[in-house]
Amino acid sequence: MRKVTERDDYEVVVGIEVHAELATESKVFCGCKTDFGARPNSQTCPVCLGMPGALPVLNRRALEYTIRAGLALNCSIAVRTKFDRKNYFYPDLAKGYQVSQYDIPVAHDGYIDIEVDGQPKRIRVRRVHLEEETAKLVHAGDDIISANQSLLDFNRSGIGLIEIVSDADMRSADEARAYLTKLRSILVAIGVSDCKMEEGSMRCEANVSVRLRGSKEYGTLVELKNIASFRAVHRAIQYESARQIDLVRSGGRVTRETRHWDDARGETAFMRSKEQAADYRYFPEPDLMPLEISREWVDEIKSGLPELPDARAARYAREFGLPASDAALIAESRELASFFDGVCDALAKAGAEAVDRTDGPREAAKWLVGDVSAALNASGIELSQSKLAPELLAELIGLVASGKISGKIAKSVFEEVFASGKRPGDVVRERGLVQISDAGQLAAIVQRVIEANPGPVSDYFAGKEKAITFLVGQIMKETRGRANPQETNRILREELAKRA
Ligand SMILES: [Zn+2]
């Protein structure tokens, strides 16, 4: 499928709905546990099984988390709110209705700032509301079509869920991905959800339409479902927008429908039309009292918010002089950020042994964004699962800063530390990698190399500056990379000058 480019006369309009499971210990309307991966149907009671006559009781913490999310997304918090019943029939919903919020969400009218290709943009957040999870259907077979039976797990039923709805402010698949990445980093930072798409604790749907560039009116929107990763969101929006543009260009019309993303085929497929969409017959939930949210409580929650990713990135740039892109990348991941803080602490504790207050953190950031991220990607594990500890990276940075090893040797030491969890100092000692900086020792090696390479030496005297690189390479080869590069260069030039 052709990629839609800037040159096209059509633009893509995207709005996103995200569902995030709240990280509360118990469910939203009963006291059942919410542990992921527990034995099916072991965390249930009459309320979350939807038994007739069982009455819900609101989990105060779930409401607090919803308010916290609303505040972190720059929303206004409702003074009065209520729950509503969303009525529909599906096997994962035993009561025949979902307790949700209709016209008065807990939080409304906020925003998230994103950046794509260096362009900042504000995406409006229309609402954040609280509702309950449904049970989980497990299809016995490869997929829902070929399955000959389906099983129900009610452990998920009744877990608190927040729905976050954006305005249709995104204009590309890249912006949609940036929005989701930022949203996830905020929700994780404030601790309201672990946002694991692979475990289903964060799910998203995209509303995609296209229109002529410059037009004020929106095109007919198509809802995309079954998007299971950020990569899938990106691919699904690219596919769907190209499909719609081709359709309109060839004289067709986009119809209002819901489409299913097929990740294996890389296509969207028709699911149901607008005419088949359910009327949910929302009405106020009679078993739960309307809520009044006191401003004192909102202020208290607001003052308890931790540092958010944007603020953290700005602080890293200000305090340590990190490049903005490194700062943003590290601050966006709670794991990377706390590791980075750990390295900075360890560097500070180790004393000023040749590590400057900002040089150390800047080096730490370079390692994290570079070699550490690459090693994690290659091994497919998270930082917390790796053997690398902040103290180990700090020690490695100290070894380079104090001139004990070169930057190049440090990369090889890092590989071993990452794989084994050994102390960098021990690796350097065991493998005899200590850098040679002693002038006398280096001069002897330099002289040997000069005598053994008369050709390149005369090339150098003939004005070929590149011959120096070759000679340095020979010295590095002789010392297995341990020669101090600056000293080697200096001594080599000195020795050559003597022979000119
Ligand atoms: Zn329960």
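The following legends describe an overall view and several close-up views of a predicted model.

**Figure 1. Overall architecture and division into domains.** The protein is divided into domain 1 (10–301), domain 2 (309–430) and domain 3 (439–499). Its secondary structure consists of 15 helices and 16 strands. Along the principal axes, the C-alpha atoms fill a box of roughly 95 × 55 × 50 Å. The radius of gyration is 30 Å, whereas a compact globule of 500 residues would have a value near 23 Å. Between the C-alpha centres of domain 1 and domain 3 the distance is 65 Å. Of the 500 residues, 37% count as buried. Among contacts with a separation of 6 or more, 70% join residues that are 24 or more positions apart.

**Figure 2. Strand E10 and its pairing with strands E1 and E7.** Strand E10 comprises residues 160–166, and five of its seven residues are buried, so the strand is largely enclosed by the rest of the structure. Strand E1 (residues 10–21) pairs with E10 in the antiparallel sense over five bridges. In this pairing, Glu 17 stands opposite Val 165 of E10. Strand E7 (residues 119–132) also pairs with E10 in the antiparallel sense, here over seven bridges. Glu 131 stands opposite Leu 161 of E10. In a regular strand the side chains alternate between the two faces of the sheet.

**Figure 3. The open sheet E5-E4-E15.** Three strands form an open sheet in the order E5-E4-E15, with antiparallel pairing. Strand E5 (97–100) and strand E15 (283–284) stand at the edges and have a single partner strand each, so one side of each is left without a neighbour in the sheet. Strand E4 (residues 84–87) and E5 run antiparallel and are joined by four bridges. Asn 87 is found opposite Tyr 97 of E5. Strands of a sheet pair through backbone hydrogen bonds, either parallel or antiparallel.

**Figure 4. The largest nonpolar core and the surroundings of Tyr 179.** The largest nonpolar core contains 71 residues, of which Ala 176, Tyr 179 and Ala 206 touch the most other members. Helix H2 (residues 173–189) supplies the largest share of this core, namely 10 residues. Apart from this core lies another, of 37 residues, including Ala 346, Ile 397, Leu 399 and Ile 405. When neighbours within four places in sequence are left aside, Tyr 179 is in contact with Ile 16, Ile 112, Ile 114, Ile 123, Ser 166 and Met 170. Of these residues, Ile 16 belongs to strand E1 (residues 10–21), Ile 123 to strand E7 (residues 119–132), and Ser 166 to strand E10 (residues 160–166).

**Figure 5. Gly 403 in the loop between helices H9 and H10.** Gly 403 lies in the loop that separates helix H9 (390–401) from helix H10 (407–420). The residue has 14 C-beta neighbours inside 10 Å and therefore counts as partly exposed. With neighbours within four places in sequence set aside, the contacts of Gly 403 are with Gln 435, Ser 437 and Asn 484. Gly 403 and Asn 484 are 81 residues apart along the chain, and their C-alpha atoms are separated by 7.8 Å. In terms of the assigned domains, Gly 403 falls within domain 2 (309–430) and Asn 484 within domain 3 (439–499).

Conventions
Residues numbered from 1 in each chain as written. Predicted model: local features only at pLDDT ≥ 70, side-chain atom pairs only at ≥ 80, totals over all residues. Helix = DSSP H or I, 4+ residues; strand = E, 2+ residues; numbered from the N terminus. Rg over C-alpha atoms; globule rule 2.2 N^0.38 Å. Buried ≥ 20, exposed ≤ 12 C-beta atoms within 10 Å, placed from the backbone. Contact = placed C-beta atoms within 7 Å. Domains from an automatic or database assignment. Pairing = 2+ DSSP bridges. Core = buried A, V, L, I, M, F, W, Y, C linked by C-beta atoms within 7 Å.
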